[in-house]
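Work through these short exercises with the structure open beside you. Try each task before you read its solution.

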Amino acid sequence: MQSPTTTKQSKAASAKEHPSGDRRFKTLDMTMKRYQYKPDALIEVLHKAQESFGYLEEDVLTYIARGLKLPLSKVYGTATFYHLFSLKPNGAHTCVVCLGTACYVKGSNKVAEELEKELGIKMGETTADGQISLMAARCIGACGIAPAVVFDGTVAGKQEPEMALTKVKEWEAE
Ligand code: FES
């Protein structure tokens with residue numbers, strides 16, 4: 001009963017850099033590679049994705065499906081089944097504060113607190129008018145410019161609470 005060796009080199013064909021250049025996809029690649037792109041690593045990979053992005057939007061789910069060679073329906077089904085995963089928030093705008101170690105020690109918790117105060121919501125919630133969703137992530141791959149906040153998909157570095165507040169106030173004024 002000799003099982004065939006499965007130590008073949010992973011052909012990481014799907015691990016090309018994401019066209020957006022968003023380094024969080026690189027983190028995701030590294031995670032998938034660590035699990036040798038095995039489909040049964042789906043939960044772990046989704047978990048990592050949620051940590052990196054703050055939530056799981058379709059683009060991310062598609063990327064994972066391709067990487068693990070799973071049907072998108074399977075990835076989507078799993079992401080929606082478990083409560084610990086959240087899909088793209090409902091707000092017209094999304095603000096993701098990185099609470100990873102590098103950002104945290106540089107004060108991202110203060111940024112988060114001020115944003116929660118200004119918006120009157122907690123992390124993971126959306127304002128009652130549906131304008132802004134506030135999310136937390138753990139390391140978005142931008143430690144060099146910590147503390148980092150992602151406003152509508154654009155990473156902004158060296159964020160002081162006032163800077164982040166200015167941005168969300170612009171949204172509130174819309
Ligand atoms: S800890 Fe925030 S980008 Fe790495």
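**Exercise 1. Find how much of the contact set is long-range in sequence, then describe the overall build.**

Solution. Start with contacts between residues at least 6 apart in sequence. In this protein, 62% of them join residues at least 24 apart. Keep in mind that the model is predicted.

Next, list the elements. The protein has seven helices and four strands. Read from the N terminus, their order is α-α-α-α-β-α-α-β-β-β-α.

Now take the extent. Along the principal axes, the C-alpha atoms fill a box of roughly 65 × 30 × 25 Å.

Finish with burial. The protein has 174 residues, and 33% of them count as buried.

**Exercise 2. Describe how helix H6 packs with helix H7.**

Solution. Locate the two helices. H6 covers residues 108–119, and H7 covers residues 161–173. Their axes lie 9 Å apart, at an angle of about 35 degrees. The crossing is right-handed.

Then pick out the contact residues. H6 supplies Lys110, Val111, Glu114, Leu115, Glu118 and Leu119. H7 supplies Pro161, Ala164, Leu165 and Val168.

Last, sort this contact by class. Seven residues are nonpolar, three are charged and none is polar.

**Exercise 3. Locate the largest nonpolar core relative to the two domains.**

Solution. Begin with the core's members. There are 39 residues in this core, and Ile64, Leu115 and Val149 touch the most other members.

Then ask where the residues come from. Domain 1 (24–81) and domain 2 (93–173) both contribute, so the core lies between them.

Now zoom in on Val149. Set aside residues up to four places away in sequence. Val149 then touches Cys95, Val96, Val97, Cys98, Val111, Ala156, Gln159 and Ala164. Two of these names return from Exercise 2: Val111 of H6 and Ala164 of H7.

A general rule gives some background. In soluble globular proteins, nonpolar side chains tend to be buried together.

**Exercise 4. Decide whether Asn90 is buried or exposed, and place it in the chain.**

Solution. Count neighbours. Asn90 has 12 C-beta neighbours inside 10 Å. A residue with 12 or fewer is exposed. Asn90 therefore counts as exposed.

Place it next. Asn90 sits in the loop between helix H4 (72–81) and strand S1 (93–98).

Now check its contacts. Leaving out neighbours within four places in sequence, Asn90 is in contact with Thr126, Gly130 and Ser133.

End with a distance. Asn90 and Lys33 are 57 residues apart along the chain, and their C-alpha atoms are separated by 31 Å.

Technical notes
Residues numbered from 1 in each chain as written. Predicted model: local features only at pLDDT ≥ 70, side-chain atom pairs only at ≥ 80, totals over all residues. Axes fitted to C-alpha atoms, helices over the stretch in contact; angles between N-to-C directions. Left-handed = near helix turned anticlockwise from the far one by under 90°. Contact = placed C-beta atoms within 7 Å. Nonpolar A, V, L, I, M, F, W, Y, C, P; charged D, E, K, R; others polar. Core = buried A, V, L, I, M, F, W, Y, C linked by C-beta atoms within 7 Å. Buried ≥ 20, exposed ≤ 12 C-beta atoms within 10 Å, placed from the backbone. Domains from an automatic or database assignment.
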